[in-house]
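New to this one? Have a look at the sequence and the fold, and then we'll walk through them together.

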Amino acid sequence: MKRNIAISLMLICFVLINCFNCVKVEAAYNSFGAASYADIWALSRNSNYPSFDADCTNFASQAMH
């Protein structure tokens with residue numbers, strides 16, 4: 001029983017570690033790009049994205065995108 005639990009935990013750790021290693025460079029967060037986006041669109045709306053009443057989360061998502 002203990003051996004099955006240990007093997008299961010090792011398998012879970014292996015899967016989690018490999019998931020983090022397969023993130024593409026293009027998907028990495030770009031803080032300079034997010035800051036530049038914020039500088040441009042903080043006081044107006046980017047028409048490439050839908051408009052929402054409470055726009056804070058939407059704006060943060062756009063900056064991260």
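## Buried and open

Just 9% of the chain's 65 residues count as buried. The accessible surface adds up to about 6,000 Å², and carbon and sulfur atoms own 67% of that.

Keep in mind that this is a predicted model. The chain has a mean pLDDT of 76, with 74% of its residues at 70 or more.

## The overall layout

What you're looking at is three helices and zero strands. Follow the sequence along and the pattern reads α-α-α.

Confidence varies along the chain: helix 1 (residues 2-21) has the lowest, with a mean of 72, while helix 2 (residues 31-41) has the highest, at 87.

## A greasy spot on the surface

Check out Met-1, Ile-5, Leu-9 and Ile-12: together they make a nonpolar surface patch of about 450 Å². One of them, Ile-5, lies in helix 1. Ile-5 counts as partly exposed because its relative accessible area is 45%, which falls between the 20% and 50% cut-offs.

## Gln-62 and its neighbors

Now hop over to helix 3 (residues 56-64), where you'll find Gln-62. Is Gln-62 buried or exposed? It's buried, because its relative accessibility is 7%, and anything under 20% gets that label.

So who does Gln-62 touch, leaving aside residues up to four places away in sequence? Tyr-37, Asn-46 and Tyr-49. With Tyr-37 there's also a polar contact, side chain to side chain, at 2.5 Å.

Definitions and conventions:
Residues are numbered from 1 along each chain as its sequence is written. This is a predicted model: local features need pLDDT of at least 70, side-chain atom pairs count only at pLDDT 80 or more; totals for chains, interfaces and linings use all residues. Side-chain values use heavy atoms; hydrogens and water are left out. pLDDT is the predictor's confidence in each residue, from 0 to 100. Helices (H or I, at least four residues) and strands (E, at least two) are DSSP runs, numbered from the N terminus. Patches are made of residues with over 30% relative accessible area and no salt bridge: like charges are joined within 9 Å, nonpolar side chains (Val, Leu, Ile, Met, Phe, Trp, Tyr) within 5 Å. Accessible areas come from the Shrake-Rupley method with a 1.4 Å probe; for residues, only the protein chains shown count as cover. A salt bridge is a side-chain nitrogen of Lys or Arg within 4 Å of a carboxyl oxygen of Asp or Glu. Buried means under 20% relative accessible area, exposed over 50%, partly exposed in between (1.4 Å probe, protein chains only). A polar contact is a pair of N or O atoms within 3.5 Å; within protein, one must be able to donate a hydrogen and the other to accept it, and residues adjacent in sequence count only if both atoms are side-chain atoms. Contact means heavy atoms within 4.5 Å.
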